[in-house]
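Dear colleague,

I am passing on the structure below, together with some notes on what turned up when going through it. Please have it open while you read.

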Amino acid sequence: MKLKLLTATLTLACSALYAQTVEVKDAWVRSPVKGQQGTGAFMNITAKEATRLVGVSSPVAGVAQVHEMKMEGDVMKMRAVPVLDLPAGRTVQLKPGGYHIMLMDLKQPLPKDGKVALTLRFMDAKGLESRLELAVPVSQAAPTAGNGAGPGHAEDKAKQHGAQKN
Ligand SMILES: [Cu+2]
């Protein structure tokens with residue numbers, strides 16, 4: 001939190017260095033089936049500048065990884081993706097059947113209709129790391145498009161403030 005306040009201040013001072021360049025929309029975590037140790041998190045990620053998603057973590061999961069799901073012959077296979085490229089200005093979809101964030105070794109039942117904290121770690125082209133803290137709603141299905149009042153929105157507004165002259 002302290003870091004974010006600092007960021008806002010710097011933005012006002014016209015420093016773009018710490019500005020958040022990644023926007024996350026329509027994030028959700030699938031509520032796990034009873035007895036299941038893992039589940040998936042899905043979202044749309046858009047980076048203003050070319051960035052890479054290099055890590056994910058959550059306090060509710062012992063292990064969190066970016067996964068890719070792919071058909072290999074007749075078999076749907078899932079593999080860990082250590083680094084996910086986020087090309088500038090292009091939305092990368094994490095959705096069932098494709099890329100997703102896998103939460104494994106769940107430490108507790110996920111709160112029904114609650115939220116799960118999720119931290120995304122990014123690295124930009126210059127090797128600068130940044131983090132995005134999300135509170136992702138737990139849901140049975142994807143939120144309907146449009147009402148993606150996803151986390152990060154309020155933050156974006158605060159940060160754009162410095163860039164806008166009125
Ligand atoms: Cu997976």
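Leu103, if its neighbours within four places in sequence are left aside, is in contact with Gly38, Thr39, Ala41, Ser58, Val60, Ala61 and Ala64. Please keep in mind that this is a predicted model, and that everything said here about Leu103 and the other residues is computed from that model. Leu103 lies in strand β8, and it is buried because 28 other C-beta atoms are found within 10 Å, where 20 or more are needed for a residue to count as buried. Leu103 can also be set beside Leu118: the two are 15 residues apart in sequence, and from C-alpha to C-alpha they are 9.8 Å apart in space.

Ala41, one of the contacts of Leu103, leads on to the largest nonpolar core, which has 29 residues and in which Ala41, Ile45 and Val136 touch the most other members. At least two residues of this core come from each of the strands β1 (22-30), β2 (39-47), β3 (51-57), β4 (61-72), β6 (84-86), β8 (100-106), β9 (115-124) and β10 (129-139). As general background, nonpolar side chains tend to be buried together in soluble globular proteins. For Ile45, again without the neighbours within four places in sequence, the contacts are Val22, Val24, Leu53, Leu86, Thr91, Val92 and Leu94.

Two aspartates deserve a look at their backbone angles. Asp26, in strand β1, has a positive phi of about 55° although it is not a glycine, and Asp105, in strand β8, likewise has a positive phi, near 55°, in a residue other than glycine. Is each of them buried or exposed? Asp26 counts as buried because it has 20 C-beta neighbours inside 10 Å, and a residue needs 20 or more to be called buried. Asp105 has 11 such neighbours inside 10 Å and therefore counts as exposed, the cut-off for that being 12 or fewer.

For the chain as a whole, the secondary structure comes to two helices and 10 strands, and from the N terminus on the elements run α-β-β-β-β-β-β-β-β-β-β-α. Buried residues make up 27% of the 166 residues in the protein chain. Among the contacts between residues at least 6 apart in sequence, 69% join residues that are at least 24 apart.

With kind regards

Methods. Residues are numbered from 1 along each chain as its sequence is written. This is a predicted model: local features need pLDDT of at least 70, side-chain atom pairs count only at pLDDT 80 or more; totals for chains, interfaces and linings use all residues. A nonpolar core is a set of buried Ala, Val, Leu, Ile, Met, Phe, Trp, Tyr and Cys residues joined through C-beta atoms within 7 Å. Helices (H or I, at least four residues) and strands (E, at least two) are DSSP runs, numbered from the N terminus. Two residues are in contact if their C-beta atoms, placed from the backbone, lie within 7 Å.
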